[in-house]
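I opened this notebook to record what I looked up, going from one residue outward to the whole chain. The entries follow the order in which I checked things.

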Amino acid sequence: MEAENRRIAASGVGGSYLMGTMLSASPEMQHVARIAERAANGGLPIMIEGAPGTGKSLLAQAVHDARMDPGAPFVTIDCANDPANVHT
């Protein structure tokens with residue numbers, strides 16, 4: 001992923017690094033990253049929701065890495081795969 005980010009950055013497409021690891025040219029994603037940075041500094045658990053393939057896991061890892069104690073446990077829960085959430 002880091003190599004892909006460097007390739008995109010070198011291509012001249014534009015964009016900026018978000019939270020030190022993600023590259024985006026989207027104003028919406030840059031807004032999300034600013035909120036995530038504040039959440040990372042808040043020290044409280046957070047829940048990230050979104051459609052499949054939108055980068056939730058990458059954002060969650062970036063928030064965890066930006067926290068004051070990145071050595072703390074990192075726990076992800078994929079609710080889409082939780083049988084309790086399957087509606088028939």
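In which helix does Asp 65 lie? I looked it up in what is a predicted model, and found Asp 65 in helix 3.

Entry on Asp 65. I next asked how far Asp 65 is covered, and with a relative accessible area of 43% I have to put it down as partly exposed, because that class takes in whatever falls between under 20%, which is buried, and over 50%, which is exposed. I also noted its place relative to Ala 40: the two are 25 residues apart in sequence, and their C-alpha atoms are 8.5 Å apart in space.

Entry on Ala 40. Having come to Ala 40, I listed its contacts, leaving aside its neighbours within four places in sequence, and found Val 63, Ala 66 and Arg 67.

Entry on His 64. Is His 64 buried or exposed? This residue is found in helix 3 as well, and I count it as buried because its relative accessibility is 10%, where the limit for buried is under 20%. I then looked for a polar partner of its side chain, and noted that a polar atom there lies 3.3 Å from the backbone oxygen of Ala 72.

Entry on helix 3. I widened the view to the helix itself, which spans residues 56–66, and wrote down Leu 59, Ala 60, Ala 62, Val 63 and His 64 as buried. What covers these buried residues? I found that the cover includes strand 2, at 22–24, and helix 2, at 27–42.

Entry on the nonpolar core. Which residues make up the largest nonpolar core? I counted 6 residues in all, namely Met 22, Ala 36, Ala 40, Leu 59, Ala 62 and Val 63. Helix 2 and helix 3 each supply at least two residues of this core, and helix 3 gives the most, with 3 residues.

Entry on the whole chain. Stepping back, I recorded 3 helices and 2 strands, which run α-β-β-α-α from the N terminus on. Of the 88 residues in the chain, 15% are buried. I put the accessible surface at about 6,700 Å², with 59% of it belonging to carbon and sulfur atoms. Last, I looked at contacts with a separation of 6 or more, and found that residues 24 or more positions apart account for 27% of them.

Methods. Residues are numbered from 1 along each chain as its sequence is written. This is a predicted model: local features need pLDDT of at least 70, side-chain atom pairs count only at pLDDT 80 or more; totals for chains, interfaces and linings use all residues. Side-chain values use heavy atoms; hydrogens and water are left out. Buried means under 20% relative accessible area, exposed over 50%, partly exposed in between (1.4 Å probe, protein chains only). Helices (H or I, at least four residues) and strands (E, at least two) are DSSP runs, numbered from the N terminus. Contact means heavy atoms within 4.5 Å. A polar contact is a pair of N or O atoms within 3.5 Å; within protein, one must be able to donate a hydrogen and the other to accept it, and residues adjacent in sequence count only if both atoms are side-chain atoms. A nonpolar core is a set of buried Ala, Val, Leu, Ile, Met, Phe, Trp, Tyr and Cys residues joined through side-chain atoms within 4.5 Å. Accessible areas come from the Shrake-Rupley method with a 1.4 Å probe; for residues, only the protein chains shown count as cover.
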